[in-house]
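Reader: I am new to this structure and would be grateful for a close look at a single part of it. Please begin with the cysteines and then place them in their wider setting.

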Amino acid sequence: LGTPPFASDLRVSAAMSRRTSRRPRFGSVSHMHEAGGGAGSVREDIQALDYDIDESTLFHQELLRQPLEYRRRLNLYRWLICGAVGCGTGVLAFAIDCICEQLFDVKFSVAAHAMTHALRGSGS
């Protein structure tokens with residue numbers, strides 16, 4: 001809260017300009033599509049939008065428009081959801097493990113009972 005929102009926006013803007021001025025990363029592809037007109041021709045009127053969060057200019061424009069406190073709260077909510085999903089997954093895995101152990105105990109007790117009943121029946 002000590003820095004005005006526009007100061008952080010300037011830092012994001014500077015980081016964005018550094019990011020967009022870099023050469024493309026290894027394995028990145030051009031988003032221009034080839035369509036008709038012979039081998040290797042590129043139509044300038046057909047272009048895909050880049051929705052990758054790290055490289056999208058639309059995302060960075062939206063980010064600059066949002067207040068700093070809103071972005072911090074959004075990140076907090078994202079981490080809370082991530083933690084809740086992780087805890088929920090752990091609890092579910094623990095419950096499945098406990099149920100499997102109980103089922104194995106029932107299975108072996110039924111098998112042991114069947115064996116003792118079969119041995120008593122054959123022994124008389």
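How many disulfides does the structure hold?

Author: The structure, which is a predicted model, holds zero disulfides; a disulfide is a pair of cysteine sulfur atoms within 2.5 Å. The reason can be read from cysteine 98 and cysteine 100. The cysteine sulfur closest to that of cysteine 98 belongs to cysteine 100, and because 9.4 Å lies between them, they are too far apart for a bond. Seen from the other side, cysteine 100 likewise has its closest cysteine sulfur in cysteine 98, at 9.4 Å, which is too far for a bond. Cysteine 98 has a relative accessible area of 31% and is therefore partly exposed (buried is under 20%, exposed over 50%, partly exposed in between, with a 1.4 Å probe and protein chains only). Cysteine 100, at 33%, is also partly exposed.

As for the wider setting, the protein has three helices and two strands (DSSP runs of H or I with at least four residues, and of E with at least two, numbered from the N terminus). Along the sequence these elements follow the pattern α-β-β-α-α. Of the 124 residues in the protein, 7% are buried.

Helix H3 spans residues 68–123 and includes tyrosine 77. Tyrosine 77 is partly exposed, because its relative accessibility is 46%. Together with Leu76 and Leu80, Tyr77 forms a nonpolar patch on the surface, and the accessible area of the three is about 320 Å². (Patch members have over 30% relative accessible area and no salt bridge; nonpolar side chains of Val, Leu, Ile, Met, Phe, Trp and Tyr are joined within 5 Å, and like charges within 9 Å.) Elsewhere, lysine 107 lies over the face of phenylalanine 108, at 5.4 Å from the ring centre (the cut-offs are 6 Å from NZ of Lys or CZ of Arg to that centre and 35 degrees from the ring normal).

The whole structure contains one salt bridge, meaning a side-chain nitrogen of Lys or Arg within 4 Å of a carboxyl oxygen of Asp or Glu. Arginine 65 forms this contact with glutamate 62, and their closest N and O atoms are 2.5 Å apart. Both residues belong to helix H2 (residues 57–65), and because they are three residues apart there, about one helical turn separates them. Arginine 65 is exposed at 59% relative accessibility, whereas glutamate 62 is partly exposed at 32%.

Residues are numbered from 1 along each chain as its sequence is written, and side-chain values use heavy atoms, without hydrogens or water. Local features need pLDDT of at least 70 and side-chain atom pairs count only at pLDDT 80 or more, while totals for chains, interfaces and linings use all residues.

Conventions. Areas by Shrake-Rupley, 256 points an atom, 1.4 Å probe, with all protein chains shown as cover.
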